[in-house]
Amino acid sequence: MAAYAHIVGWGKYIPEKVVTNHDISKFMDTSDEWIKTRTGISERRFANEDETTATMAIAAAQLALDRARIKPSAIDLIIVASLSPEQPFPATASLVQDAIGANRAGAFDLSAACAGFIYALSMGSAMIQSGAAKIVLVIGSETVSRFLNKEDRGTYPLFGDGAGALVLQAHNTPGGVLSTVLGSDGSGAEHLSIPAGGSKLPASQYTIDNRLHCMQMNGREVYRFATRIMGKVAKQACEKAGVDLDDIDLFIPHQANIRIIQSASKYLGIGDDKVFTNLHKYGNTSTASIPIALCEAVEAGRVQAHDKLVMVGFGGGLSWGATVVQWGMPVPYKPRQWWYRGLRWFVYRWAKIRSSYLRLKRRMESILPTKNGNGYLTPDEERSGDKYKENGHSPHISRNGHTPEQVDVPAEIPETYSETEEPVIEVEKPSNGK
Ligand code: ACO
């Protein structure tokens, strides 16, 4: 039976700290008027010191699960799209998995800059449609403010922080994610990037002095690319879904620049009443912009059951993506009762306890007696090389931490095996004896 990926939960997290255009014009050669007329942005939110991409992702995810009435242990997969992850690795998604207690879920991060959320939604829905997953948590979370150069007026006023999450669930009722279209043109990679911090330009005094860990953008080039691609890819997604543009109820574009959004809606022939924007409040929150906008559209009563929505993202890569979604959930959503909130509190406290237990268990395992007889060494023994220093030589430790002895000679050869013996494959006989 065909599985459809329905959006059954949605949540957002917006940091409290507001930074207005006036605030920025106090230390930068810009003005409220310039920023507003060229971008449509009036203010944005910046994360406080204790807020990070993971903490915001967790908060948004908890709300989305709450709305979906789905317990974390039912999640099969968590995808976090971000250009400002918690750290290069491990994946922010793994931190989310641990914090919410999604003990059955796989987790990975996805990098496609501001188009990342559409990519993540596409991956999540494909997992459901293929039958590989039943419940997928898709998150866009950003702390872009930590990657902005306070001296660059071409980028600093444009971005903000926040997170948005959606829960996708398999259902056999037609609807949900109807189509996705993804694209990339790496020949434009240099127009929008964070140049340092990867294998090409690892952190050094030079990269720090030259602020190469901050976002760099050729605004005009990105603008030209965005105005060309946004309408086009939205149209392709509608064609793929077999949905007429006139039947679109709401257009939710990536919130980068109001002029880019207007140009795309003009190309698509969609009136302002069918376009959702909130970039005046938040600026460009990169991968979080579309899920935050969707949450706010739902909260504002702009999304009703069976509505057809088009969401479009674009950004560094250069990359882009669009999706057509048929909303399945009845709205407005009823707030949860006190007992549900109590249960929720307990579930997340339990996740914390579970996480602490796993850490303690790992710690205990690392100090428990060694299994030398089987060829395993504790990290301390590996470092000191005591076992191998008996004959005066230091051990050769290979890149994966094993000595040649460990790699080449199995500690024990199982008795049932000999070099000439073929492995025996047992075929189970049918029970009726035929
Ligand atoms: N304040 C005042 N003046 C400014 C500012 C500013 N903040 N920024 C640039 N200017 C100046 C420029 O220096 C330039 O001056 P000049 O003519 O003397 O050289 C003048 O304003 C005009 O500059 P433009 O770049 O032509 O301005 P434009 O109208 O194109 O607007 C902007 C610039 C807002 C950056 C626009 O190009 C844009 O929105 N580009 C797309 C950005 C975008 O969507 N990014 C998506 C990122 S998604 C992701 O993956 C992260």
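## Close-up views of a predicted model

**Figure 1. Ala5 faces its bridge partner, Ala170, in S7.** Everything shown in these views comes from a predicted model. Strand S1 (4-13) is joined to strand S7 (residues 162-171) by nine bridges, and the two strands run antiparallel. S1 is also mostly covered, since 10 of its 10 residues are buried. As a reminder for this view and the next ones, the strands of a sheet pair through backbone hydrogen bonds, in either a parallel or an antiparallel way.

**Figure 2. Five strands make an open sheet with mixed pairing.** Reading across the sheet, the order is S1-S7-S6-S4-S5. Its edge strands are S1 (4-13) and S5 (106-110), and each of them pairs on one side only. On average, neighbouring strands here are turned by 20 degrees against each other, direction ignored. Towards S5, look for strand S4 (residues 77-81), which pairs with S5 in the parallel sense over five bridges. Within this pair, Val80 has Asp109 of S5 as its bridge partner.

**Figure 3. Helix H4 (residues 92-100) is mostly covered.** Eight of the nine residues of H4 are buried. Which residues of H4 are they? They are Thr92, Ala93, Leu95, Val96, Gln97, Asp98, Ala99 and Ile100. Their cover includes helix H3 (53-68), strand S6 (135-142), S4, S5 and helix H11, so this view brings back some strands of the sheet in Figure 2. Just after H4, Gly101 takes a positive phi of about 75 degrees.

**Figure 4. Helix H11 (residues 338-367) has the span expected of its 30 residues.** Why does the helix agree with its expected span? At 1.5 Å a residue, H11 should span 44 Å, and its end C-alpha atoms are 44 Å apart, so the two values agree. H11 is hardly covered: among its 30 residues, the count of buried ones is one. Even so, H11 is among the elements that cover the buried residues of H4.

**Figure 5. A second view of strands shows an open sheet of four, again with mixed pairing.** The strand order here is S8-S13-S12-S11. Strand S8 (176-184) and strand S11 (250-253) stand at the edges; each has a single partner strand, so one side of each is left without a neighbour in the sheet. From one strand to the next, the twist averages 15 degrees. S8 is joined to strand S13 (residues 319-326) by eight bridges, and these two strands run antiparallel. To find your place in this pair, start at Val177, which stands opposite Val325 in S13.

**Figure 6. Helices H5 and H10 pack on the four-stranded sheet.** Helix H5 (residues 116-129) touches S8, strand S12 (308-315) and S13, and its direction makes about 130 degrees with that of S8. Helix H10 (residues 289-299) touches S11 and S12, with a direction at about 145 degrees to that of S11.

**Figure 7. A shell of 23 residues lies around the ligand.** Which residues come nearest to the ligand? They are Thr30, Ala113, Cys114, Gly219 and Gly315. Helix H2 (32-39) and helix H7 (219-241) each supply at least two residues of the shell. The largest share comes from H7, with five residues. Sorted by class, the shell holds 11 nonpolar, nine polar and three charged residues.

**Figure 8. Ala196 sits in the loop between strand S9 (192-193) and helix H6 (205-209).** Is Ala196 buried, exposed or partly exposed? It has 19 C-beta neighbours inside 10 Å, and a buried residue needs 20 or more, so Ala196 counts as partly exposed. Leaving out residues up to four places away in sequence, Ala196 touches Leu201, Ala203, Thr207, Leu212 and His213. Of these contacts, Leu212 is worth finding in the view: Ala196 and Leu212 are 16 residues apart in sequence, with their C-alpha atoms 5.1 Å apart in space.

**Figure 9. The whole protein has 13 helices and 13 strands.** Of its 434 residues, 42% are buried. Among contacts with a separation of 6 or more, 77% join residues 24 or more positions apart.

Methods. Residues are numbered from 1 along each chain as its sequence is written. This is a predicted model: local features need pLDDT of at least 70, side-chain atom pairs count only at pLDDT 80 or more; totals for chains, interfaces and linings use all residues. Two strands pair if DSSP finds at least two bridges between them. Axes are lines fitted to C-alpha atoms, for helices over the stretch in contact, and angles run from 0 to 180 degrees between N-to-C directions. A residue is near a molecule or strand if its C-beta atom, placed from the backbone, lies within 6 Å of it. Ala, Val, Leu, Ile, Met, Phe, Trp, Tyr, Cys and Pro count as nonpolar, Asp, Glu, Lys and Arg as charged, and the others, Gly among them, as polar. A residue is buried if 20 or more other C-beta atoms lie within 10 Å of its own, exposed if 12 or fewer, and partly exposed in between; C-beta atoms are placed from the backbone. Two residues are in contact if their C-beta atoms, placed from the backbone, lie within 7 Å. The expected span of a helix is 1.5 Å times one less than its number of residues.
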